[in-house]
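Trainee: I have a model open on the screen and would like to talk it through with you, if you have the time.
Mentor: Gladly; put it up where we can both look.

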Amino acid sequence: MGDLKIYPSKLKGEVKIPPSKSMAHRAIICAALSDNSCRIDNIDYSDDIIASIDAMKSLGAIITKNEDYVEIVGAYKDIQSTENNRIIDCNESGSTLRFLAPISLLFKGSSKFVGKGNLGKRPLTTYYNIFDKQNIHYSYEKDNLNLEIRGELKGGTFEVEGNVSSQFISGLLFTLPLLKEDSKIIITTNFESKSYVDLTLKVMKDFGIEIINKDYKEFIIKGNQKYEARNYRVEGDYSQGAFFLCADAIGNEIVCKDLDINSLQGDKEIIDILKKMNVEIMVKGNEIEGKRKKKLKSTYIDGSQCPDIIPVLASVAALAKGRTEIVNVGRLRIKECDRLAAITSELNKLGANIIEKEESIIIDGVDELQGDNVVWSHNDHRIAMTLAVVSSRCKMPIVIKDYDCVSKSYPKFFEDFEKIGGITVEWNVGK
């Protein structure tokens, strides 16, 4: 891992926002579960997407990576005749792990899931409860991803909590239509991150799978369905676009290209939140730019449906007049790092005034940030990118330790950052 010194500078220009990581995961999986050839366009080979590609190859899909698209020959036609003991390396991708765990039970043989970082600490109890009920064999190590699964998943009624991770629900939604029996998923708690399930349902429908959504309380799934092979283009990612829209909010001038204003992505919520903070959002076709009309003002943010954009929103709130409270974000503690602790610690080092609570943060805005400090990404891509964006409003340079963790979701982030005026120098801390 490397360290990077960033000098304060105004960011100005255009950025083609990378393809949606969430939708790319889903399109690759659906194509790989079809029984014919598909092409998925607008692919960015982040670490997480490579993990899903390699995982589906482990299950028998033939996937050819090209510069910005993949060609996929689906594996489903050979499921019944294939039996393997396979290793599925999820790297640090929670989506890959939670989507593939039930999918792997469509295939004969055993699947051993491995990974690194904090992935082994991410809760999987939802699946363990299902495995116990269906007598599916599994073994694992506490706090270390070394999960082995073997058995046959059967259709039926699945009771799932909605406030742990929507990835469990998506994983079942991908899997259950391919079983012989009809199934039903019943949500037993409040449902957080609904928009991610919306994305799952949309991509599945594009690939020919029908699910009945009964107001997010029940999902009715007919069995014996098939994924239909097709070509698909992944749209731009609001999770990544949020960094540049927030950069606009704190005084920069960046046009974000390839963002669909009609997208179902939950992180499109960034637009409405920034509007409440006195940012004018200008839309022209698939280009979006934020312009601060006057001084930023504080607001109240419920982060339960858009957790990924909370770190960078905290940096905007840090420079807004008044007190901002960001609530219902306890789940950020079980991401690549404890993001509530990380964003509080690192922004406060730069001169912000943030108080960390158990499931919320309280931010009293300041006029400007001092900088002149060494901050740490916590090996978390979203923390690293947030710190880079907020450097533009620091009086003095900052150094980001372990900045290259951005490869997890946005490998070319700092290349794009420099193209719009970011001034960076590789740095050795302490030398």
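What follows is a conversation about helices, sheets, cores and two loop residues.

Mentor: Please keep in mind from the start that this is a predicted model.

Trainee: Okay. Which residues touch the most other members of the largest nonpolar core?
Mentor: That core has 73 residues, and the ones touching the most other members are Ile 40, Met 56, Phe 113, Leu 173, Ile 185 and Phe 219. Helix H1 gives the most to this core, with 8 residues. Apart from it lies another core, of 71 residues, which includes Cys 256, Leu 319, Ile 354 and Ile 420.

Trainee: Is there a general reason why nonpolar side chains end up together?
Mentor: In soluble globular proteins, nonpolar side chains tend to be buried together.

Trainee: Let's stay with Ile 185 then; what does it touch?
Mentor: Leaving aside residues up to four places away in sequence, Ile 185 touches Phe 158, Val 160, Ile 169, Leu 172, Leu 173, Leu 176, Lys 217, Glu 218, Phe 219 and Ile 221.

Trainee: And which way do the side chains point along its strand, S11?
Mentor: They alternate along S11, which covers residues 183-187. Ser 183, Ile 185 and Ile 187 point to one face and are buried, whereas Lys 184 and Ile 186 point to the other face and are not buried.

Trainee: Where does S11 sit in its sheet?
Mentor: The sheet is open and has 4 strands in the order S10-S11-S13-S12, with mixed pairing. S10 and S12 (211-214) are the edge strands, each pairing on one side only, and neighbouring strands are turned by 15° against each other on average, with direction ignored.

Trainee: How does S11 pair with the strands beside it, parallel or antiparallel?
Mentor: S10 (residues 157-160) and S11 run parallel and are joined by 4 bridges, with Glu 159 standing opposite Ile 186. S11 and S13 (residues 218-221) run antiparallel, also joined by 4 bridges, and there Ile 185 stands opposite Phe 219.

Trainee: New topic: what about the sheet that contains S18?
Mentor: That one is an open sheet of 4 strands with mixed pairing, in the order S18-S19-S21-S20. S18 (300-302) and S20 (354-356) are at the edges, each with a single partner strand, so one side of each has no neighbour in the sheet. Neighbouring strands in this sheet are turned by 15° against each other on average, direction ignored.

Trainee: How do S20 and S21 pair, and which helix packs there?
Mentor: S20 and S21 (residues 361-364) pair in the antiparallel sense over 3 bridges, with Ile 355 opposite Ile 362 in S21. Helix H10 (residues 339-349) packs on the sheet and touches S20 and S21, its direction making about 155° with that of S20.

Trainee: Now helices; is H7 mostly covered or mostly uncovered?
Mentor: H7 is mostly covered, with 12 of its 12 residues buried, and these include Tyr 238, Gln 240, Phe 243, Cys 246 and Asp 248. H7 (residues 238-249) reaches 15 Å from its first C-alpha to its last, which is close to the 16 Å expected at 1.5 Å a residue.

Trainee: What is going on at its two ends?
Mentor: Asp 237 caps the N-terminal end of H7, with a side-chain oxygen 2.8 Å from the backbone nitrogen of Ser 239. Just after H7, Gly 251 takes a positive phi of about 115°.

Trainee: And what covers H3?
Mentor: The cover over its buried residues includes helices H1 (21-32), H2 (47-58), H4 (125-133) and H5 (166-175), along with strands S7 (108-114) and S9 (144-150). In H3 (residues 94-103), 10 of its 10 residues are buried, including Arg 98.

Trainee: Why does Ser 104 count as buried?
Mentor: Ser 104 counts as buried because its relative accessibility is 2%, and buried means under 20%. Ser 104 lies in the loop between H3 and S7 and touches Leu 59, Arg 86, Ser 111, Phe 113 and Ile 149, not counting residues up to four places away in sequence.

Trainee: Last one: where is Gly 120, and what does it touch?
Mentor: Gly 120 is in the loop between S7 and H4, and, not counting residues up to four places away in sequence, it touches Asp 143, Asn 144 and Leu 145. The C-alpha atoms of Gly 120 and Asn 144 are separated by 4.2 Å, although these residues are 24 residues apart along the chain.

Notes
Residues numbered from 1 in each chain as written. Predicted model: local features only at pLDDT ≥ 70, side-chain atom pairs only at ≥ 80, totals over all residues. Heavy atoms only, no water. Pairing = 2+ DSSP bridges. Axes fitted to C-alpha atoms, helices over the stretch in contact; angles between N-to-C directions. Contact = heavy atoms within 4.5 Å. Buried < 20%, exposed > 50% of the residue type's maximum accessible area, 1.4 Å probe, protein only. Expected span 1.5 Å × (residues − 1). Polar contact = N/O pair within 3.5 Å; in protein donor to acceptor, adjacent residues only side chain to side chain. Core = buried A, V, L, I, M, F, W, Y, C linked by side-chain atoms within 4.5 Å.
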